[in-house]
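Colleague: I'm new to looking at protein models, and I'd like a close look at one spot. Could you take it slowly and show me how that spot fits in with its surroundings?

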Amino acid sequence: MATTTQARDSKGRFKEENGSWFGGYGPIAGAVAGGAALGVLAMLGRKAAVQSATALAGDWMDGLIAEHQAVLKLFDAIEATDDKDTGRRTMLLMQIKHALAKHAIEEENVIYPALREAGKIEEADALTREHGYVKQYLYELENMPKTGPAFLEKVRKFRADLEEHMDEEEERLFPALRTQLTEEKNALLTKAMNKEGFKVA
């Protein structure tokens, strides 16, 4: 069995003849670093997967409409549950909350400022206020029993208000903004919106 000559440094670490330092932690440190790198790659992959549906939908407006449709499908799923499905209701509510949080960041940090720049200040401010009511609904739903008719009644009221908000964006404000902007500016908005979405995906 080969032996190596070792010397301690002032911190008590061993130094082998070949100059490498170790204190019994080399393999552990390597494993930790490798695990951390894999974790970062997995996180980036998950973020890319979450944002890809928006990015692949087309420009910023098409991406936001695709997100609207995805949220409504989650509402379909939660409305199809019954009082015994409390775990499923909780999970779907969490998914709705995450989808809407990401969506709100994209709109509030990119699209609503563009609306303000285009002279639609009151409209952008109204949309931002409505996002506050979205958060209120989510808070109330999270903090109420998931059984009984009151839960689904609140879900349905939330959906109705949300659809009204979406219709205002999809049918009036967003098409007008897209038409008013140059092709270059629309492309910049799309890039900026996807960047914001990726951050919180």
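Let's pick His103: is it buried or exposed?

Modeller: Sure, let's start right there. Keep in mind that this is a predicted model. His103 has a relative accessible area of 6%. Anything under 20% is called buried, so His103 counts as buried.

Now, where does His103 sit? Its home is helix α3, which covers residues 86-117. If you leave out residues up to four places away in sequence, His103 touches Leu64, Glu67, His68 and Glu169. The C-alpha atoms of His103 and Glu196 are 9.2 Å apart, although 93 residues separate the two along the chain.

Let's zoom out for a moment to get the setting. The chain has six helices and three strands. Going from the N terminus, the order is β-β-β-α-α-α-α-α-α. There are 201 residues, and 32% of them count as buried. Links across the sequence show up in the whole chain too: take the contacts between residues at least 6 apart in sequence, and 67% of them join residues at least 24 apart. As for the outside, the chain exposes about 11900 Å², with 59% of that coming from carbon and sulfur atoms.

Back to α3 and the helices it packs with. Two packed helices are described by the angle between their axes and the distance between the axes. For α2 and α3, the angle is about 160 degrees and the axes are 10 Å apart. Angles over 145 degrees count as roughly antiparallel, so that is the word for α2 and α3. Their crossing is left-handed.

Next, take α3 with α5. These axes come within 13 Å and cross at roughly 25 degrees. An angle under 35 degrees counts as roughly parallel, and α3 and α5 are therefore roughly parallel to each other. The crossing of α3 and α5 is left-handed as well.

Which residues meet between α3 and α5? On the α3 side they include Leu100, His103, Glu107 and Ile111. On the α5 side, Phe158, Leu162, His165, Glu169 and Phe174 are among them. So our His103 is part of this meeting of two helices, and Glu169, which you met above as one of the residues His103 touches, is on the α5 side.

Two of those α5 residues, Phe158 and Phe174, also turn up in ring pairs. A pair of aromatic rings is described by the distance of the centres and the angle of the planes. The chain has three aromatic pairs. In one of them, Trp60 and Phe174 have ring centres 5.4 Å apart and planes at 75 degrees, so this pair is edge-to-face. Trp60 belongs to helix α2 (residues 60-79) and Phe174 to helix α5 (residues 149-180), so the pair ties together parts that are 114 residues apart in sequence. Both of these residues are buried.

Another pair is Tyr137 with Phe158. Here the rings are stacked, with 4.7 Å from centre to centre and 20 degrees between the planes. Tyr137 lies in helix α4 (residues 121-142) and Phe158 in helix α5, so this pair links parts that are 21 residues apart in sequence. With a relative accessibility of 11%, Tyr137 counts as buried. Phe158 is buried too, at 1%. Ring pairs also bring in Phe75, giving a cluster of Phe75, Tyr137 and Phe158.

Finally, let's follow α3 back to Thr86, which is found in that helix. At 31% relative accessibility, Thr86 counts as partly exposed, whereas His103 is buried. Not counting residues up to four places away in sequence, Thr86 touches Lys146 and Thr147. Thr86 and Thr147 are 61 residues apart in sequence, yet 6.6 Å apart in space, C-alpha to C-alpha.

One more residue to visit is Gly148, in the loop between α4 and α5. It is buried, with a relative accessible area of 18%. Apart from residues up to four places away in sequence, Gly148 touches Asp83 and Arg89. From Gly148 to Asp83 the C-alpha distance is 6.0 Å, with their places 65 residues apart in sequence. Arg89 is also one of the α3 residues that meet α5.

So that's your spot: His103 is a buried residue in helix α3, and it is among the residues where α3 meets α5.

How values were computed. Residues numbered from 1 in each chain as written. Predicted model: local features only at pLDDT ≥ 70, side-chain atom pairs only at ≥ 80, totals over all residues. Heavy atoms only, no water. Helix = DSSP H or I, 4+ residues; strand = E, 2+ residues; numbered from the N terminus. Buried < 20%, exposed > 50% of the residue type's maximum accessible area, 1.4 Å probe, protein only. Contact = heavy atoms within 4.5 Å. Areas by Shrake-Rupley, 256 points an atom, 1.4 Å probe, with all protein chains shown as cover. Phe/Tyr/Trp six-rings, centres within 6.5 Å; stacked < 30°, edge-to-face > 60°. Axes fitted to C-alpha atoms, helices over the stretch in contact; angles between N-to-C directions. Parallel < 35°, antiparallel > 145°, perpendicular 65-115°, else oblique. Left-handed = near helix turned anticlockwise from the far one by under 90°.
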